[in-house]
Amino acid sequence: MKLYDLELSGNCYKIRLFCALNNIQIDIAPVDYLANEHKSAAFLNINPLGQIPVLDDEGVLIRDSHAILIYLAQTFRLNHWLPHSALTQARIMEWLSFSANDIARGPNDARLHDLFGLPLDIDTARNNAKKCLDIMDAHLATHTWLAHKSATIADIACFPYVALVQEGGVSLQGYDNIHRWIRDIKALDGFIPMPGLA
Ligand SMILES: N[C@@H](CCC(=O)N[C@@H](CS)C(=O)NCC(=O)O)C(=O)O
């Protein structure tokens, strides 16, 4: 399996982290983001959205970090990361959707503005980020993990941009339950960091 990857991308890191936690071997194919390789004709053949990550499993191409997490969990029968019960799968989907929408328009946008200079509305992004943190902290006050009694792909999906939120100028101070959850993820066997994460 090959991952089209950018080291500084939280979306790509979700896949690298999940593979490390589960001893899944993947070849990393770095994409030259600064040179706009992801918008080249060759890459648009791989993903017409011009986005990374993309997984290539023997010619089967899968785009989107959340779709890739589902694919890997199912392919390697990692049922504890994606349990089969209807309610748990619905709970996981709630958080994958939260990651793709709310976290993307909050912590992720704030970081894209501050770290990469994207012309985004930083006040809106930081307000969105704080709403995300409030919602997650309240949830984690009564839940060890986001969607289930043990860690699932929901936790992996939400982890990077929340743990990196300070790179978008938003403090995690006072979000004690999120701090505890971040510590719990970092303590998982096989955890690997990415730049910006201690
Ligand atoms: N929903 C996608 C978002 C992927 C995404 O936005 N990737 C960024 C890098 S982290 C990218 O390629 N951006 C370029 C663009 O959107 O043009 C996912 O979860 O993988």
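## Helix H1, tucked inside

Of the 12 residues of helix H1, 10 are buried, so this helix is largely enclosed by the rest of the structure. Keep in mind as you look around that this is a predicted model. Which residues of H1 are buried? They are Gly10, Cys12, Tyr13, Lys14, Ile15, Arg16, Leu17, Phe18, Cys19 and Leu21. And what do they pack against? Their neighbours are strand S1 (2-5), strand S2 (27-30), H3, helix H4 (86-116) and H6.

You can also check the length of H1, which covers residues 10-21. At 1.5 Å a residue, its 12 residues should span 16 Å, and the C-alpha atoms at its ends are indeed 16 Å apart, so the two values agree.

## Arginine 16, a closer look

Let's pick out one residue of helix H1: arginine 16. Is arginine 16 buried or exposed? Its relative accessible area is 12%, and under 20% counts as buried, so arginine 16 is buried.

What does arginine 16 touch, if you skip residues up to four places away in sequence? The list is Leu3, Asp5, Leu6, Glu7, Ser9, Ile28, Ile192 and Met194.

## H3 meets H6

Now for some helix pairs. Two packed helices are described by the angle between their axes and the distance between the axes. Take helix H3 (residues 65-75) and helix H6 (residues 153-163): their axes come within 10 Å and cross at roughly 150°. That makes H3 roughly antiparallel to H6, because an angle over 145 degrees counts that way. H3 passes H6 in a right-handed crossing.

On the H3 side, the contact is made by His66, Leu69, Ile70 and Ala73, while H6 brings in Ile153, Ile156 and Ala157. Sorted by class, the contact of H3 with H6 has six nonpolar residues, one polar residue and no charged ones. As for the spacing along a helix, an α-helix has 3.6 residues a turn, so residues three or four places apart point the same way.

## H7 and its two partners

Helix H7 (residues 176-186) takes part in two more crossings. Start with H6: the axes of H6 and H7 come within 11 Å and cross at roughly 115°. H6 passes H7 in a left-handed crossing. Asp155, Cys158, Phe159, Val162 and Ala163 are the H6 residues here, and they meet Ile178, Trp181, Ile182, Ile185 and Lys186 of H7. This contact splits into eight nonpolar, no polar and two charged residues.

The other partner is helix H5 (residues 122-140), whose axis comes within 7 Å of that of H7, crossing at roughly 75°. That makes H5 roughly perpendicular to H7, because angles of 65 to 115 degrees count that way. Leu133, Met136, Asp137 and Leu140 of H5 meet Asp176, Asn177, Ile178, Arg180 and Trp181 of H7. How many residues of each class does this contact hold? There are five nonpolar, one polar and three charged.

## Lysine 186, far in sequence from leucine 21

Lysine 186 belongs to helix H7. At 30% relative accessibility, lysine 186 counts as partly exposed. Leaving out residues up to four places away in sequence, lysine 186 touches Phe159, Phe191 and Ala198.

Now compare lysine 186 with leucine 21. They are 165 residues apart in sequence, yet their C-alpha atoms are 11 Å apart in space. Leucine 21 is one of the buried residues of H1.

## A few loop details

Three loop residues have backbone angles to look up in the structure. Asparagine 36 sits in the loop between S2 and H2, and its phi is near 65°, a positive value in a residue other than glycine. Asparagine 36 is partly exposed, with a relative accessible area of 43%. Glutamate 58, in the loop between S3 and strand S4 (60-63), has a phi near 50°, which is again positive in a residue other than glycine. Is glutamate 58 buried or exposed? With 79% relative accessibility, glutamate 58 counts as exposed.

Finally, find proline 53 in the loop between helix H2 (41-46) and strand S3 (54-57). The peptide bond leading from isoleucine 52 to proline 53 is cis, with omega near 5°.

Note on methods: Residues are numbered from 1 along each chain as its sequence is written. This is a predicted model: local features need pLDDT of at least 70, side-chain atom pairs count only at pLDDT 80 or more; totals for chains, interfaces and linings use all residues. Side-chain values use heavy atoms; hydrogens and water are left out. Axes are lines fitted to C-alpha atoms, for helices over the stretch in contact, and angles run from 0 to 180 degrees between N-to-C directions. Helices (H or I, at least four residues) and strands (E, at least two) are DSSP runs, numbered from the N terminus. Angles under 35 degrees count as roughly parallel, over 145 as roughly antiparallel, 65 to 115 as roughly perpendicular and the rest as oblique. A crossing is left-handed if the near helix is turned anticlockwise from the far one by less than a right angle, and right-handed if clockwise. Contact means heavy atoms within 4.5 Å. Ala, Val, Leu, Ile, Met, Phe, Trp, Tyr, Cys and Pro count as nonpolar, Asp, Glu, Lys and Arg as charged, and the others, Gly among them, as polar. The expected span of a helix is 1.5 Å times one less than its number of residues. Buried means under 20% relative accessible area, exposed over 50%, partly exposed in between (1.4 Å probe, protein chains only).
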